[in-house]
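Take a look at the sequence and the model below. This report goes through the ligand site, then the sheets.

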Amino acid sequence: MLVNSLGDEVNKRDASLKIIKSILQSDGRKGFYDLTGLAGGFPILAEDKALLETYAGPAVFEEAIQTLGKIHLGGEKILALNRTSSGILAAILALVNEGDEIVHFLPKSPAHPSIPRSAELVGASYREFEDITQFEVSDNTSLVFITGSTMDHEIITLKDFLRVIEISKSHEIPVFVDDASGARLRTVVYKQPRAMDMGADITITSTDKLMDGPRGGLMSGKADIMIKVKTKAHQFGLEAQPPLVAGMVRALENLSPERILEAFITKHDLYNGLVNDFKGIKETPTGVMLKSGELKLELDNRGIVTDYSHDDLAYLFAMLLLRNHGIITIPAVGMPGTSSTIRIDLASNDAERITIENIIDAFNETLEQLIKIIDDTKACKSVLYY
Ligand SMILES: *Cc1c(COP(=O)(O)O)cnc(C)c1O
(Lines give C-alpha, C1' and ligand atoms only; values in the text may rest on other atoms or scores of the structure.)
Protein backbone atom coordinates (compact mmCIF):
# COMPACT_ATOMS: atom_id res chain seq x y z
CA MET A 1 0.00 0.00 0.00
CA LEU A 2 1.20 3.49 -0.84
CA VAL A 3 -1.36 5.66 0.89
CA ASN A 4 -2.02 4.18 4.31
CA SER A 5 -3.32 6.94 6.53
CA LEU A 6 -4.98 10.31 6.65
CA GLY A 7 -1.46 11.70 7.13
CA ASP A 8 -0.41 10.19 3.80
CA GLU A 9 -3.46 11.75 2.18
CA VAL A 10 -2.51 15.13 3.60
CA ASN A 11 1.05 14.75 2.26
CA LYS A 12 -0.29 13.81 -1.16
CA ARG A 13 -2.54 16.87 -1.17
CA ASP A 14 0.39 19.07 -0.10
CA ALA A 15 2.42 17.67 -2.98
CA SER A 16 -0.40 18.55 -5.41
CA LEU A 17 -0.57 22.09 -4.13
CA LYS A 18 3.20 22.48 -4.50
CA ILE A 19 3.02 21.15 -8.07
CA ILE A 20 0.22 23.59 -8.89
CA LYS A 21 2.25 26.42 -7.39
CA SER A 22 5.30 25.53 -9.45
CA ILE A 23 3.18 25.31 -12.63
CA LEU A 24 1.81 28.76 -11.76
CA GLN A 25 5.34 30.12 -11.42
CA SER A 26 6.58 28.65 -14.69
CA ASP A 27 3.53 28.88 -16.96
CA GLY A 28 1.02 31.07 -15.14
CA ARG A 29 -2.66 30.29 -14.62
CA LYS A 30 -2.94 28.87 -18.16
CA GLY A 31 -0.54 26.06 -17.23
CA PHE A 32 -3.16 23.96 -15.49
CA TYR A 33 -6.75 22.88 -16.00
CA ASP A 34 -8.99 22.55 -13.00
CA LEU A 35 -11.55 20.02 -14.23
CA THR A 36 -12.86 19.11 -10.78
CA GLY A 37 -16.03 21.13 -11.20
CA LEU A 38 -15.16 22.68 -7.83
CA ALA A 39 -13.26 25.72 -8.96
CA GLY A 40 -14.08 27.92 -5.97
CA GLY A 41 -14.26 31.23 -7.80
CA PHE A 42 -14.55 34.51 -5.96
CA PRO A 43 -16.10 36.88 -8.50
CA ILE A 44 -16.51 39.99 -6.35
CA LEU A 45 -16.14 43.42 -7.95
CA ALA A 46 -13.82 46.24 -6.86
CA GLU A 47 -16.82 48.20 -5.57
CA ASP A 48 -17.85 45.22 -3.42
CA LYS A 49 -14.56 45.35 -1.57
CA ALA A 50 -14.99 49.05 -0.86
CA LEU A 51 -18.48 48.33 0.43
CA LEU A 52 -17.28 45.45 2.60
CA GLU A 53 -14.96 47.86 4.35
CA THR A 54 -17.95 49.84 5.63
CA TYR A 55 -20.68 48.96 8.09
CA ALA A 56 -23.19 49.00 5.25
CA GLY A 57 -21.54 46.13 3.36
CA PRO A 58 -22.87 43.22 5.40
CA ALA A 59 -26.41 44.62 5.28
CA VAL A 60 -26.31 45.11 1.51
CA PHE A 61 -25.04 41.61 0.78
CA GLU A 62 -27.39 40.04 3.32
CA GLU A 63 -30.33 41.60 1.52
CA ALA A 64 -29.00 40.54 -1.89
CA ILE A 65 -28.43 36.94 -0.82
CA GLN A 66 -32.04 36.73 0.39
CA THR A 67 -33.31 37.81 -3.02
CA LEU A 68 -30.92 35.81 -5.22
CA GLY A 69 -31.01 32.77 -2.95
CA LYS A 70 -34.80 32.59 -3.19
CA ILE A 71 -34.64 32.91 -6.97
CA HIS A 72 -32.23 29.96 -7.11
CA LEU A 73 -33.67 27.69 -4.44
CA GLY A 74 -37.22 28.88 -3.76
CA GLY A 75 -38.34 28.82 -0.12
CA GLU A 76 -39.04 31.58 2.38
CA LYS A 77 -35.77 32.37 4.09
CA ILE A 78 -32.12 32.08 3.07
CA LEU A 79 -29.12 31.34 5.26
CA ALA A 80 -25.53 31.42 3.96
CA LEU A 81 -23.09 29.07 5.66
CA ASN A 82 -19.37 28.38 5.59
CA ARG A 83 -19.88 25.06 3.87
CA THR A 84 -22.68 22.70 2.94
CA SER A 85 -21.40 20.47 5.74
CA SER A 86 -21.86 23.37 8.18
CA GLY A 87 -25.48 23.75 7.13
CA ILE A 88 -26.13 20.04 7.52
CA LEU A 89 -24.63 20.15 11.01
CA ALA A 90 -26.63 23.26 11.97
CA ALA A 91 -29.90 21.67 10.84
CA ILE A 92 -29.22 18.44 12.70
CA LEU A 93 -28.28 20.37 15.86
CA ALA A 94 -31.51 22.33 15.56
CA LEU A 95 -33.95 19.58 14.64
CA VAL A 96 -32.65 16.28 16.03
CA ASN A 97 -32.30 15.19 19.66
CA GLU A 98 -30.30 12.44 21.27
CA GLY A 99 -32.03 9.08 20.73
CA ASP A 100 -33.89 10.29 17.62
CA GLU A 101 -33.42 8.71 14.23
CA ILE A 102 -32.31 10.29 10.95
CA VAL A 103 -33.37 8.52 7.77
CA HIS A 104 -31.72 9.25 4.44
CA PHE A 105 -32.79 8.37 0.91
CA LEU A 106 -30.23 8.75 -1.87
CA PRO A 107 -29.90 7.43 -5.42
CA LYS A 108 -26.70 5.63 -4.49
CA SER A 109 -24.72 5.20 -1.26
CA PRO A 110 -22.53 6.49 0.26
CA ALA A 111 -23.92 9.70 1.66
CA HIS A 112 -21.73 12.70 2.14
CA PRO A 113 -19.95 11.96 5.45
CA SER A 114 -21.22 15.17 7.07
CA ILE A 115 -24.70 13.62 7.47
CA PRO A 116 -23.79 10.42 9.40
CA ARG A 117 -21.08 12.31 11.32
CA SER A 118 -23.49 15.01 12.47
CA ALA A 119 -26.03 12.32 13.42
CA GLU A 120 -23.39 10.65 15.54
CA LEU A 121 -22.44 13.94 17.16
CA VAL A 122 -25.97 14.53 18.50
CA GLY A 123 -26.40 10.85 19.46
CA ALA A 124 -29.01 10.06 16.81
CA SER A 125 -29.23 6.75 14.97
CA TYR A 126 -28.93 6.84 11.20
CA ARG A 127 -30.31 4.69 8.38
CA GLU A 128 -29.66 4.99 4.66
CA PHE A 129 -31.85 3.72 1.78
CA GLU A 130 -31.20 3.58 -1.96
CA ASP A 131 -34.19 1.39 -2.84
CA ILE A 132 -37.48 3.25 -2.64
CA THR A 133 -39.49 0.07 -1.97
CA GLN A 134 -37.49 -0.38 1.25
CA PHE A 135 -37.74 3.23 2.40
CA GLU A 136 -39.46 3.71 5.74
CA VAL A 137 -39.48 5.98 8.76
CA SER A 138 -40.08 4.98 12.36
CA ASP A 139 -41.75 6.50 15.41
CA ASN A 140 -38.59 8.28 16.52
CA THR A 141 -37.51 9.59 13.10
CA SER A 142 -37.20 13.35 13.47
CA LEU A 143 -35.53 14.30 10.19
CA VAL A 144 -35.50 12.80 6.69
CA PHE A 145 -32.68 13.58 4.26
CA ILE A 146 -32.86 13.31 0.50
CA THR A 147 -29.69 13.62 -1.57
CA GLY A 148 -30.69 15.08 -4.94
CA SER A 149 -27.37 14.37 -6.65
CA THR A 150 -24.59 12.35 -4.99
CA MET A 151 -20.91 13.21 -4.85
CA ASP A 152 -20.50 11.10 -8.00
CA HIS A 153 -23.45 12.92 -9.59
CA GLU A 154 -25.95 10.09 -9.48
CA ILE A 155 -29.33 11.81 -9.75
CA ILE A 156 -32.48 10.87 -7.86
CA THR A 157 -35.55 10.16 -9.97
CA LEU A 158 -38.46 12.53 -9.67
CA LYS A 159 -40.69 9.64 -8.70
CA ASP A 160 -38.47 8.53 -5.80
CA PHE A 161 -38.11 12.13 -4.65
CA LEU A 162 -41.87 12.67 -4.50
CA ARG A 163 -42.46 9.32 -2.81
CA VAL A 164 -40.00 10.14 0.01
CA ILE A 165 -41.72 13.49 0.49
CA GLU A 166 -45.12 11.79 0.57
CA ILE A 167 -44.09 9.19 3.15
CA SER A 168 -42.34 11.77 5.32
CA LYS A 169 -45.27 14.21 5.18
CA SER A 170 -47.74 11.52 6.18
CA HIS A 171 -45.70 11.17 9.39
CA GLU A 172 -45.20 14.94 9.72
CA ILE A 173 -41.43 14.59 9.57
CA PRO A 174 -39.48 17.50 8.04
CA VAL A 175 -37.47 16.79 4.89
CA PHE A 176 -34.02 18.25 4.26
CA VAL A 177 -32.72 18.02 0.68
CA ASP A 178 -28.93 17.90 0.29
CA ASP A 179 -28.80 19.44 -3.18
CA ALA A 180 -25.08 20.32 -3.12
CA SER A 181 -24.75 19.85 -6.88
CA GLY A 182 -28.38 18.81 -7.42
CA ALA A 183 -29.80 22.32 -7.22
CA ARG A 184 -28.24 22.84 -10.64
CA LEU A 185 -27.88 19.33 -12.10
CA ARG A 186 -31.40 18.19 -11.25
CA THR A 187 -33.04 21.38 -12.44
CA VAL A 188 -30.92 22.44 -15.41
CA VAL A 189 -30.07 19.05 -16.91
CA TYR A 190 -32.98 16.87 -15.79
CA LYS A 191 -35.64 19.58 -15.69
CA GLN A 192 -36.79 18.59 -12.22
CA PRO A 193 -38.42 21.24 -10.02
CA ARG A 194 -36.51 22.90 -7.20
CA ALA A 195 -36.51 20.96 -3.94
CA MET A 196 -38.63 23.56 -2.13
CA ASP A 197 -41.21 23.42 -4.91
CA MET A 198 -41.59 19.67 -4.41
CA GLY A 199 -42.43 19.94 -0.74
CA ALA A 200 -39.03 20.00 0.99
CA ASP A 201 -38.90 21.90 4.28
CA ILE A 202 -35.26 22.86 3.95
CA THR A 203 -32.55 22.51 1.29
CA ILE A 204 -28.92 23.40 0.79
CA THR A 205 -26.58 23.75 -2.16
CA SER A 206 -22.80 24.22 -2.52
CA THR A 207 -21.91 27.53 -4.11
CA ASP A 208 -18.76 26.10 -5.71
CA LYS A 209 -20.40 23.16 -7.49
CA LEU A 210 -21.35 23.76 -11.13
CA MET A 211 -21.16 27.48 -10.43
CA ASP A 212 -18.20 29.78 -9.92
CA GLY A 213 -18.71 30.76 -6.34
CA PRO A 214 -16.56 30.34 -3.26
CA ARG A 215 -16.89 27.13 -1.29
CA GLY A 216 -19.94 27.71 0.86
CA GLY A 217 -23.42 26.47 1.65
CA LEU A 218 -26.56 28.28 0.52
CA MET A 219 -29.59 27.12 2.47
CA SER A 220 -33.26 27.86 2.01
CA GLY A 221 -36.32 26.69 3.86
CA LYS A 222 -39.59 27.40 5.53
CA ALA A 223 -39.38 30.41 7.84
CA ASP A 224 -40.13 28.65 11.15
CA ILE A 225 -37.48 25.97 10.60
CA MET A 226 -34.92 28.43 9.27
CA ILE A 227 -35.11 30.51 12.46
CA LYS A 228 -34.16 27.45 14.51
CA VAL A 229 -31.33 26.50 12.16
CA LYS A 230 -30.03 30.06 11.99
CA THR A 231 -29.90 30.26 15.79
CA LYS A 232 -27.79 27.09 16.00
CA ALA A 233 -25.57 28.21 13.14
CA HIS A 234 -24.77 31.45 14.95
CA GLN A 235 -24.22 29.72 18.29
CA PHE A 236 -21.55 27.50 16.76
CA GLY A 237 -20.02 29.92 14.25
CA LEU A 238 -21.23 28.02 11.19
CA GLU A 239 -22.68 31.02 9.32
CA ALA A 240 -20.91 32.61 6.36
CA GLN A 241 -19.17 35.92 7.01
CA PRO A 242 -19.88 39.00 4.84
CA PRO A 243 -16.97 38.55 2.37
CA LEU A 244 -18.11 35.00 1.64
CA VAL A 245 -21.70 36.17 1.24
CA ALA A 246 -20.53 38.84 -1.23
CA GLY A 247 -18.76 36.13 -3.29
CA MET A 248 -21.90 34.01 -3.26
CA VAL A 249 -24.08 36.93 -4.37
CA ARG A 250 -21.89 37.66 -7.41
CA ALA A 251 -21.62 33.97 -8.28
CA LEU A 252 -25.42 33.64 -8.21
CA GLU A 253 -25.67 36.64 -10.52
CA ASN A 254 -23.24 34.96 -12.94
CA LEU A 255 -24.89 31.54 -12.85
CA SER A 256 -24.75 29.98 -16.32
CA PRO A 257 -27.12 27.12 -17.10
CA GLU A 258 -25.83 27.21 -20.71
CA ARG A 259 -22.39 25.96 -19.71
CA ILE A 260 -23.91 23.07 -17.78
CA LEU A 261 -26.13 22.14 -20.73
CA GLU A 262 -23.21 22.34 -23.18
CA ALA A 263 -21.20 19.97 -20.98
CA PHE A 264 -24.18 17.61 -20.91
CA ILE A 265 -23.79 17.29 -24.70
CA THR A 266 -19.99 17.34 -25.20
CA LYS A 267 -19.40 14.70 -22.53
CA HIS A 268 -20.60 12.06 -25.04
CA ASP A 269 -17.57 12.80 -27.25
CA LEU A 270 -15.24 12.46 -24.31
CA TYR A 271 -16.89 9.22 -23.27
CA ASN A 272 -16.74 7.77 -26.79
CA GLY A 273 -13.09 8.70 -27.10
CA LEU A 274 -12.17 6.97 -23.86
CA VAL A 275 -14.38 3.91 -23.66
CA ASN A 276 -12.19 1.67 -25.86
CA ASP A 277 -9.20 1.95 -23.54
CA PHE A 278 -11.11 2.53 -20.32
CA LYS A 279 -13.99 0.06 -20.46
CA GLY A 280 -15.25 0.99 -17.02
CA ILE A 281 -15.51 4.70 -17.71
CA LYS A 282 -18.98 6.11 -17.02
CA GLU A 283 -20.80 9.21 -18.11
CA THR A 284 -21.84 11.70 -15.44
CA PRO A 285 -24.34 14.48 -16.17
CA THR A 286 -21.56 16.89 -17.19
CA GLY A 287 -18.50 14.71 -17.80
CA VAL A 288 -17.07 11.25 -17.21
CA MET A 289 -15.76 9.33 -14.24
CA LEU A 290 -13.45 6.39 -13.66
CA LYS A 291 -13.83 4.62 -10.35
CA SER A 292 -10.71 3.19 -8.74
CA GLY A 293 -12.03 -0.39 -9.10
CA GLU A 294 -12.54 0.13 -12.82
CA LEU A 295 -8.98 1.39 -13.18
CA LYS A 296 -7.81 -1.80 -11.47
CA LEU A 297 -9.84 -3.89 -13.94
CA GLU A 298 -8.23 -2.00 -16.79
CA LEU A 299 -4.81 -3.04 -15.47
CA ASP A 300 -6.01 -6.62 -14.94
CA ASN A 301 -7.19 -6.72 -18.57
CA ARG A 302 -3.66 -5.81 -19.64
CA GLY A 303 -2.18 -8.55 -17.46
CA ILE A 304 -0.64 -6.10 -15.00
CA VAL A 305 -0.32 -7.55 -11.51
CA THR A 306 -0.06 -5.22 -8.52
CA ASP A 307 -0.58 -5.27 -4.77
CA TYR A 308 -1.55 -1.63 -4.60
CA SER A 309 -5.04 -0.83 -3.38
CA HIS A 310 -7.65 0.53 -5.75
CA ASP A 311 -7.33 3.91 -4.08
CA ASP A 312 -3.53 3.89 -4.52
CA LEU A 313 -3.98 3.33 -8.24
CA ALA A 314 -6.50 6.16 -8.54
CA TYR A 315 -4.22 8.50 -6.60
CA LEU A 316 -1.27 7.60 -8.84
CA PHE A 317 -3.37 8.18 -11.94
CA ALA A 318 -4.61 11.55 -10.67
CA MET A 319 -1.11 12.69 -9.65
CA LEU A 320 0.31 11.70 -13.05
CA LEU A 321 -2.49 13.61 -14.78
CA LEU A 322 -1.52 16.65 -12.75
CA ARG A 323 2.25 16.32 -13.03
CA ASN A 324 2.42 15.54 -16.75
CA HIS A 325 -0.66 17.25 -18.14
CA GLY A 326 -1.62 19.95 -15.65
CA ILE A 327 -5.07 18.36 -15.26
CA ILE A 328 -6.48 18.68 -11.75
CA THR A 329 -8.94 16.05 -10.55
CA ILE A 330 -10.35 15.48 -7.07
CA PRO A 331 -8.18 12.48 -6.00
CA ALA A 332 -5.12 14.73 -6.35
CA VAL A 333 -6.36 17.73 -4.41
CA GLY A 334 -9.30 16.48 -2.31
CA MET A 335 -9.33 16.66 1.47
CA PRO A 336 -8.52 13.40 3.25
CA GLY A 337 -11.44 10.99 3.04
CA THR A 338 -12.75 12.36 -0.26
CA SER A 339 -13.82 9.97 -3.02
CA SER A 340 -10.97 8.52 -5.10
CA THR A 341 -13.09 8.54 -8.27
CA ILE A 342 -11.33 10.31 -11.14
CA ARG A 343 -13.95 12.66 -12.49
CA ILE A 344 -13.67 15.10 -15.37
CA ASP A 345 -16.27 17.85 -15.21
CA LEU A 346 -16.74 19.65 -18.51
CA ALA A 347 -18.86 22.32 -16.85
CA SER A 348 -15.66 23.57 -15.18
CA ASN A 349 -14.46 27.01 -16.21
CA ASP A 350 -11.11 25.64 -17.40
CA ALA A 351 -12.76 23.09 -19.71
CA GLU A 352 -13.05 25.90 -22.26
CA ARG A 353 -9.26 26.00 -22.59
CA ILE A 354 -8.61 22.30 -23.23
CA THR A 355 -9.89 20.14 -26.07
CA ILE A 356 -11.61 16.78 -25.72
CA GLU A 357 -8.71 15.27 -27.75
CA ASN A 358 -6.17 16.65 -25.28
CA ILE A 359 -8.02 15.05 -22.38
CA ILE A 360 -8.25 11.70 -24.19
CA ASP A 361 -4.51 11.77 -25.02
CA ALA A 362 -3.72 12.68 -21.42
CA PHE A 363 -5.71 9.70 -20.13
CA ASN A 364 -4.02 7.27 -22.51
CA GLU A 365 -0.54 8.57 -21.80
CA THR A 366 -1.21 8.52 -18.07
CA LEU A 367 -2.25 4.87 -18.18
CA GLU A 368 0.94 4.01 -20.09
CA GLN A 369 3.01 5.96 -17.60
CA LEU A 370 1.32 4.26 -14.66
CA ILE A 371 2.07 0.82 -16.13
CA LYS A 372 5.67 1.82 -16.67
CA ILE A 373 6.31 2.75 -13.02
CA ILE A 374 3.95 0.37 -11.27
CA ASP A 375 6.65 -2.12 -10.18
CA ASP A 376 8.92 0.61 -8.92
CA THR A 377 7.67 1.58 -5.45
CA LYS A 378 10.18 4.38 -5.16
CA ALA A 379 9.05 5.95 -8.43
CA CYS A 380 5.41 5.61 -7.37
CA LYS A 381 6.10 7.34 -4.07
CA SER A 382 7.86 10.18 -5.79
CA VAL A 383 4.78 10.66 -7.99
CA LEU A 384 2.47 10.79 -4.96
CA TYR A 385 4.61 12.82 -2.62
CA TYR A 386 6.89 15.74 -3.21
C1 LIG B 1 -20.00 18.45 -1.76
C2 LIG B 1 -21.12 17.84 -1.05
C3 LIG B 1 -21.36 18.14 0.30
C4 LIG B 1 -20.44 19.00 1.16
O5 LIG B 1 -20.05 20.24 0.69
P6 LIG B 1 -18.87 20.99 1.47
O7 LIG B 1 -18.85 22.35 0.90
O8 LIG B 1 -17.62 20.24 1.19
O9 LIG B 1 -19.19 20.97 2.90
C10 LIG B 1 -22.47 17.56 0.89
N11 LIG B 1 -23.29 16.73 0.20
C12 LIG B 1 -23.09 16.43 -1.09
C13 LIG B 1 -24.04 15.53 -1.80
C14 LIG B 1 -21.98 16.96 -1.76
O15 LIG B 1 -21.77 16.65 -3.05
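A polar contact here is a pair of N or O atoms within 3.5 Å. The model is a predicted one.

**Ligand site**

With that cut-off in hand, start with S85. An N or O atom in the S85 side chain sits 2.6 Å from an oxygen atom of the ligand. K209 also uses its side chain: one of its N or O atoms there is 2.7 Å from a ligand oxygen atom. T84 works through its backbone, with an N or O atom 3.4 Å from an oxygen atom of the ligand. The ligand on its own has 390 Å² of accessible area, and the protein covers 94% of it.

| Residue | Part of the residue | Distance to a ligand oxygen atom |
|---|---|---|
| S85 | side-chain N or O atom | 2.6 Å |
| K209 | side-chain N or O atom | 2.7 Å |
| T84 | backbone N or O atom | 3.4 Å |

Which residues surround the ligand? They are R83, T84, S85, H112, S149, M151, D178, A180, S206, K209 and R215. By class, this shell holds 2 nonpolar, 5 polar and 4 charged residues.

**The seven-stranded sheet**

Strands of a sheet pair through backbone hydrogen bonds, either parallel or antiparallel. One open sheet here has 7 strands, in the order 2-8-7-6-5-3-4, with mixed pairing. Strand 2 (77-81) and strand 4 (125-129) are at its edges. Each has a single partner strand, so one side of each lacks a neighbour in the sheet. From one strand to the next, the twist averages 20 degrees.

Strand 3 (residues 101-105) runs parallel to strand 4, and 5 bridges join the two. One bridge pairs H104 with E128 of strand 4.

At the strand 2 edge, a helix comes in. Helix 9 (residues 242-254) lies across strand 2 and strand 8 (217-221). The helix runs at about 120 degrees to strand 2.

**The three-stranded sheet**

Another open sheet has 3 strands in the order 9-10-12, and its pairing is antiparallel. Why do strand 9 and strand 12 each have one side without a neighbour in the sheet? Strand 9 (282-284) and strand 12 (342-345) stand at the edges with a single partner strand each, so one side of each is left free of a neighbour in the sheet. The twist here averages 25 degrees from one strand to the next.

Strand 10 (residues 287-290) and strand 12 run antiparallel and are joined by 4 bridges. G287 has D345 of strand 12 as its bridge partner.

Key: Residues are numbered from 1 along each chain as its sequence is written. This is a predicted model: local features need pLDDT of at least 70, side-chain atom pairs count only at pLDDT 80 or more; totals for chains, interfaces and linings use all residues. Side-chain values use heavy atoms; hydrogens and water are left out. A residue is near a molecule or strand if one of its heavy atoms lies within 4 Å of it. A polar contact is a pair of N or O atoms within 3.5 Å; within protein, one must be able to donate a hydrogen and the other to accept it, and residues adjacent in sequence count only if both atoms are side-chain atoms. Accessible areas come from the Shrake-Rupley method with a 1.4 Å probe; for residues, only the protein chains shown count as cover. Ala, Val, Leu, Ile, Met, Phe, Trp, Tyr, Cys and Pro count as nonpolar, Asp, Glu, Lys and Arg as charged, and the others, Gly among them, as polar. Two strands pair if DSSP finds at least two bridges between them. Axes are lines fitted to C-alpha atoms, for helices over the stretch in contact, and angles run from 0 to 180 degrees between N-to-C directions. Contact means heavy atoms within 4.5 Å.
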